[in-house]
Amino acid sequence: MFAARAFSRNLTRQTFRQTQRRSNQTVPRLGSAAEMEAEAIAQLRARVRRQKEIMDATTHSEAEEVAEMWKWIKVSFIVAFPVCVLSVVKDLTLIDHPHRKEGPQPDYMAIQVKEFPWECENCALFDLECWKKCRAEQAAEGA
């Protein structure tokens, strides 16, 4: 069993070494300038021939491909637009949208590492009630 596995590995390695690997680059093997030029031209011709085979295998015209594209655009709108509208309607009508409760916050939500950089250091920027209280306190202290 091990001999068969080793034989198959050696066979695949040998066939892999013998086959020429193709890439996007056309790099000829070392040789004389004429040989390298001939090999580069042969590689380019083979690539052009392969592209022609691929183009001949596709029997769609440009008009057919444009029609197919528009078909899928229409299908996308027919499917996606109603799904988006229905999800917005569901979110607006069925799902409750709770806001933060008024009043004092629990201790774990009111953590403040440093004071705010405005006249009322303990008030959040848009907390108008806190601003009113702070200004009233400042006016009482100043009077």
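How much accessible surface does the chain have, and what percentage of that surface belongs to carbon and sulfur atoms? In this predicted model, the accessible surface comes to about 13,800 Å², with 61% of that area belonging to carbon and sulfur atoms.

**The whole chain.** Begin with the chain selected in full and coloured by secondary structure. Four helices and zero strands appear, and the order along the sequence reads α-α-α-α. Next, colour the 143 residues by relative accessible area: buried residues, those under 20%, account for 5% of the chain. Contacts may then be displayed for residue pairs at least 6 apart in sequence; of these contacts, 5% join residues at least 24 apart.

**Helix 2.** Select residues 33-57, which form helix 2, an element of 25 residues. A distance drawn from the first C-alpha of helix 2 to its last gives 36 Å, close to the 36 Å expected at 1.5 Å a residue. Within this helix, show the side chains of E39, A40 and Q43, which are its buried residues.

**The largest pocket.** Move next to the largest pocket, whose volume is about 590 Å³. To centre the view there, select R100, G103, Q105, A124 and D127, which lie closest to the pocket centre among the 19 lining residues. Finally, extend the selection to the full lining and colour it by class: nine residues are nonpolar, four are polar and six are charged.

Terms used:
Residues are numbered from 1 along each chain as its sequence is written. This is a predicted model: local features need pLDDT of at least 70, side-chain atom pairs count only at pLDDT 80 or more; totals for chains, interfaces and linings use all residues. Side-chain values use heavy atoms; hydrogens and water are left out. On a 1 Å grid over the protein atoms alone, a cavity is a set of points where a 1.4 Å probe fits but cannot get out, and a pocket is an open set with protein on both sides within 12 Å along at least five of seven lines; lining residues have an atom within 4 Å of a point. Grid points are joined across faces, edges and corners, and a volume is the space filled by probe spheres set on the points. Ala, Val, Leu, Ile, Met, Phe, Trp, Tyr, Cys and Pro count as nonpolar, Asp, Glu, Lys and Arg as charged, and the others, Gly among them, as polar. Helices (H or I, at least four residues) and strands (E, at least two) are DSSP runs, numbered from the N terminus. The expected span of a helix is 1.5 Å times one less than its number of residues. Buried means under 20% relative accessible area, exposed over 50%, partly exposed in between (1.4 Å probe, protein chains only). Contact means heavy atoms within 4.5 Å. Accessible areas come from the Shrake-Rupley method with a 1.4 Å probe; for residues, only the protein chains shown count as cover.
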